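Student: Could you take me through the charged side chains where the two chains meet? I would like a close look at how they pair up, or fail to.

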Amino acid sequence: MALSHDLLEQAHYLVELHSKEPKQAHLRRAVSAAYYALFHLLIDEALRVMTPASPPQLAEVMRRAFNHADMKNACQGFSSGNPQKEIKKVLSGYKGDDLPLSLSADLKLVARTFVNMQRKRHLADYDNLVTFTKIEVEELLDDTLSAFAAWEKIKETPDANVFLCSLLLYKQWQRP
Amino acid sequence: MNRTLTYAPALIEAQQRELIKGVLTENPLPKEVKEYRVSFKEDWDGDPTVWIDLLVDVNAKGSLPKKKLLKLAAYARDVAAELLEQHIPYWPMVRLQPTQ
């Protein structure tokens, strides 16, 4: 099974450990695992559309070029249906849409969930003042599962391809 | 007008509270949600964020029956999506929280 799916499974396992009185450590690790599940899913998918099969090492080197901040920024634009200028150009080139762009609800859900989960992951990993409740973490895992399901529905679409490229190239496409 | 708003964060927050109230009026709170709370903060990267806590009664395990959880999680996602559609300037974090 892919790392992304293993991480999601691990997140569910952690939430159910000591289910009557879940430990903060388990809830926090569950949030982090769920975020990384989505992070790795999207990178796997981006590499699938952007890299040739040979040589296989190329994909693994490219994997390290993705960074959290650019992925978040790219996702924020897609979430609100208002991605950066270069992306709008590409999307409107084949969709012929006037603004606002008509992006699918599933793509917006994936993008929005990524941003949410990254924010929660920061809190889970770094902010000891925050207490996670079980219901909140269960909700986050359901959100992540929904994002996985939504991705399955749209992953072969042209919009998804543009989205995946933007995860890597967000900063470069910001140039004037 | 925009310049005035830039220097009046309290006014912007008041406007956003109204926007949130409007979205929650159009998407009525499920009966399981006892009340909601709104707070404005920055996220870890310093980006503006609004937290909308939906307060629900939970069972002894701090949880909800699966069906209810899924329903409420979907509701929270819908509210966040609607706020983004309305171009709220704060990133909306809608979450379920226990009433106590």
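Tutor: Happy to; here is a walk through the contact between the chains and then some charged pairs. Keep in mind that this is a predicted model.

Let's begin with the contact itself. Chain B brings 32 residues to it and chain A brings 27. About 2,500 Å² is buried between the two chains, and carbon and sulfur atoms give 57% of that area. On the chain B side, B:W44, B:R77 and B:W91 lose the most area to chain A, together 28% of what that side buries.

Now for the charges. Between chain B and chain A there are 8 salt bridges, as well as 17 residue pairs in polar contact. Helix α3 of chain B gives the most to the side that touches chain A, with 9 residues. Sorted by class, that side of chain B has 20 nonpolar, 5 polar and 7 charged residues.

Look next at one of these salt bridges. A:R119 pairs with B:D43, and their closest N and O atoms are 3.2 Å apart. This pair crosses between chains, running from helix α6 of chain A to the loop between β1 and β2 of chain B. A:R119 counts as buried because its relative accessibility is 4%, and B:D43 counts as buried too, at 14%. Salt bridges that share partners also join A:R119 and B:D43 with A:K72, B:D45 and B:D47 in one network.

A:R112 makes a useful contrast. This arginine lies in helix α6 as well, which covers residues 105-126 of chain A. A:R112 is buried but has no salt bridge: the nearest side chain of opposite charge, B:D78, is 5.9 Å away. A salt bridge needs the nitrogen and the carboxyl oxygen within 4 Å. Setting aside neighbours within four places in sequence, A:R112 touches A:S79 in its own chain, and B:R77, B:A80, B:A81, B:L84 and B:W91 in the other.

Finally, two pairs that stay inside chain A. A:D125 and A:R29 form a salt bridge at 3.1 Å, N to O. A:D125 is in helix α6 and A:R29 is in helix α2, so this pair ties together parts that are 96 residues apart in sequence. A:D125 is partly exposed, at 26% relative accessibility, and A:R29 is partly exposed at 45%. A:E45 and A:R48 also form a salt bridge, at 2.9 Å, but these two both lie in helix α2, 3 residues apart, about one turn of the helix. Here A:E45 is buried, with a relative accessible area of 11%, whereas A:R48 is partly exposed at 38%.

Note on methods: Residues are numbered from 1 along each chain as its sequence is written. Chains are lettered from A and ligands numbered from 1 in the order in which they are written. This is a predicted model: local features need pLDDT of at least 70, side-chain atom pairs count only at pLDDT 80 or more; totals for chains, interfaces and linings use all residues. Side-chain values use heavy atoms; hydrogens and water are left out. Helices (H or I, at least four residues) and strands (E, at least two) are DSSP runs, numbered from the N terminus. Buried means under 20% relative accessible area, exposed over 50%, partly exposed in between (1.4 Å probe, protein chains only). Lys and Arg count as positive and Asp and Glu as negative; His and the chain ends are not counted. Contact means heavy atoms within 4.5 Å. Buried area is the accessible area (1.4 Å probe) that two parts lose on being put together, summed over both. A polar contact is a pair of N or O atoms within 3.5 Å; within protein, one must be able to donate a hydrogen and the other to accept it, and residues adjacent in sequence count only if both atoms are side-chain atoms. Ala, Val, Leu, Ile, Met, Phe, Trp, Tyr, Cys and Pro count as nonpolar, Asp, Glu, Lys and Arg as charged, and the others, Gly among them, as polar.
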